[in-house]
Amino acid sequence: MDVNMGEDESLPLQQDLTCPVCADIFKDPVLLPCTHSFCRGCMQQSFAVSQTCPVCRQPADEGQAITNRSLRDTCESFLRQGNLRKIVNPPQEDLCYLHLKPLDLFCEKDEEPVCVDCVTLHNTHRLWSIKDGVPMCKEQLTFKLQIFEKKVEHYKKIKQQFGNAKMYVKIQAGHAETQIKSEFERLHQVLYTEETLRLKALATEEEEKIANIEERISEIDKDIATMKKLVDSLKRELGNEDLALLKNFRELKTKAQWTRYEPNLPYGSLLNMGEHVGSLSFKVWKNMQAHVKYYPVTFDPNTASPWLDLSPDLISVKESQERQTIPDITERFDPCVFILGAEGYISGRHKWDVNIGDNDKWIVGVCKQSVARRKKFTVSTNRGVWAIALSKGVYSVLTPERTELKVQKRPQRIRIKLNIDAGEVTFWDAGTATHLVTLKHKFEDRMFPIFGPGLHSTPMVLCPGKIAVHTSCV
């Protein structure tokens, strides 16, 4: 084929080699019994809808199709020559690549400009003139433009929220740093006091031991002086005449008796080093229990409603006088006024007490990690919350049917025991050790303590747990 063949000369051949379904040059063409050819892929897609020829609508079966080798070879040859011709004489961009005619029409379905000869290929589509198609497309693109302009503004607001969150993290870090330094300063003071007391005890014992030893040394000095006098006396007598020595022998022998015990250091004369430095760090740590409190549960400020105010040590929460300006994050409760414990549980036994005081409205219990945070919901076991509550003077178990809880005395402190392995959560009046209710469920999610302190100026306070030191020999 002449590579310089004109567009009008190659156009009829290109039309003959065009699949009537995809309007493109045949790819792996197949021939049906009705003599119509199609791309194999186009035929398979058409037969998935209807077992008929896409052109003449005569019944046909995919198994009847045979490969049209001659057509395939012709298409491959045409494409090779077409690629070469594009290099030598590339077509103008504003002409139909199939018919090389001006693009005067716009197909609404395929959303592309076509020429008048393409009408047969788009006979089921709605065609517009270029003049009418342009406003229609511009209208759609303008609508898209408006959407993206709004989205840009929305993303700017989100960016601002992220910036606020960044600043809030810095504020959190500052508060945490202050709290850490304050606590360590307190503990340093406790350790310094402990050190001072131990050094004072050491100095006192040192003084006592040395005084006792010096007293013994003083007694030894007296004994030495007495013995020196006796030695001098005996030396003088030994220098006398023999007869005089013998006359005084009995008296001298009696004087030469030493009846006092030989001095020695009494038991416990040295320092009790085991008392002062034995297991020193353990003893110091054990004594520090009086200055350290253990809380089985602390509040998670990142889950707190904006209407709640927490203490710096995260063990007390109460109503905030105004809605706090804090990051709007997914784990935060809003609009519901709740807060979660800082740690979740997936196994084991756990127990904590919460002082509810005289508040006339509260909720305490446990909930799934997936409990709703960003919308109002009815607190119930079927919503993933196992809790009891006080509202309008009525104590309730928050089951779907709202079971009333009878109490003999108004509890001031509620104890929650969670046994995940046994599948139960138990509520007690911690002040009187009275069992209130037990709820059973097969807990499969991570479970968190949940607290609804209500909007009261009286805080809801977490109670410290007991600390016990156990030692054993390995």
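Helices here are DSSP runs of H or I with at least four residues, numbered from the N terminus. The model is predicted.

**Exercise 1. The nonpolar surface patch**

Task: Find which residues form a nonpolar patch on the surface, and place Ile220 in the secondary structure.

Solution.
- Step 1. The patch consists of Ile220, Ile224, Met227 and Trp258. Together these side chains have about 320 Å² of accessible area.
- Step 2. Ile220 belongs to helix α4, which spans residues 130–238.
- Step 3. A patch residue must have over 30% relative accessible area. Ile220 has 32% and therefore counts as partly exposed.

**Exercise 2. The negative surface patch**

Task: Name the residues that gather in a patch of negative charge, and state where Glu108 is placed.

Solution.
- Step 1. The members are Glu108, Asp110, Glu111 and Glu112.
- Step 2. Glu108 sits in the loop that runs between β4 (105–107) and β5 (112–114).
- Step 3. The partly exposed class lies between 20% and 50% relative accessible area. Glu108, at 31%, is therefore partly exposed.

**Exercise 3. Positive phi outside glycine**

Task: For Ala23 and Lys392, give the phi value. Then decide whether Ala23 is buried or exposed, and do likewise for Lys392.

Solution.
- Step 1. Ala23 has a phi near 60°, which is positive although the residue is not glycine. For Lys392, also not a glycine, phi is positive at about 55°.
- Step 2. Ala23 is found in the loop between α1 (7–16) and β1 (29–31). Lys392 is found in the loop between β12 (385–391) and β13 (394–397).
- Step 3. Buried means under 20% relative accessible area, and exposed means over 50%. Ala23 has a relative accessibility of 16%, so Ala23 counts as buried. Lys392 has a relative accessible area of 83%, so Lys392 is exposed.

**Exercise 4. A cis peptide bond**

Task: Identify the residues joined by a cis peptide bond, and locate the proline.

Solution.
- Step 1. The bond runs from Asp334 to Pro335, and its omega is near 20°.
- Step 2. Pro335 is placed in the loop between β8 (316–319) and β9 (339–340).

**Exercise 5. Aromatic pairs**

Task: State how many aromatic pairs the structure holds, then describe the pair of Phe299 and Phe451.

Solution.
- Step 1. There are 7 aromatic pairs in the structure.
- Step 2. In the pair of Phe299 and Phe451, the ring centres are 5.0 Å apart and the planes meet at 85°. Planes over 60 degrees apart count as edge-to-face, and this pair is edge-to-face.
- Step 3. Phe299 lies in the loop between α8 (280–287) and β7 (308–310), while Phe451 lies in strand β18 (residues 447–452), so the pair ties together parts that are 152 residues apart in sequence.
- Step 4. Phe299 is buried at 1% relative accessibility. Phe451 is buried with a relative accessible area of 1%.
- Step 5. Elsewhere, ring pairs link Phe333, Phe338 and Phe377 into a cluster.

**Exercise 6. Separation in sequence and in space**

Task: Compare sequence separation with C-alpha distance for Phe299 and Ile450, and for Ala387 and Phe427.

Solution.
- Step 1. Phe299 and Ile450 are 151 residues apart in sequence, with 9.1 Å between their C-alpha atoms.
- Step 2. Ala387 and Phe427 are separated by 40 residues in sequence and by 8.5 Å from C-alpha to C-alpha.
- Step 3. Ala387 is part of strand β12 and, at 0% relative accessibility, counts as buried.

Note on methods:
Residues numbered from 1 in each chain as written. Predicted model: local features only at pLDDT ≥ 70, side-chain atom pairs only at ≥ 80, totals over all residues. Heavy atoms only, no water. Patch = residues over 30% accessible without salt bridge, like charges linked within 9 Å, V, L, I, M, F, W, Y side chains within 5 Å. Areas by Shrake-Rupley, 256 points an atom, 1.4 Å probe, with all protein chains shown as cover. Salt bridge = Lys/Arg side-chain N within 4 Å of Asp/Glu carboxyl O. Lys, Arg positive; Asp, Glu negative; His and termini not counted. Charge placed at Lys NZ, Arg CZ, Asp CG, Glu CD. Helix = DSSP H or I, 4+ residues; strand = E, 2+ residues; numbered from the N terminus. Buried < 20%, exposed > 50% of the residue type's maximum accessible area, 1.4 Å probe, protein only. Phe/Tyr/Trp six-rings, centres within 6.5 Å; stacked < 30°, edge-to-face > 60°.
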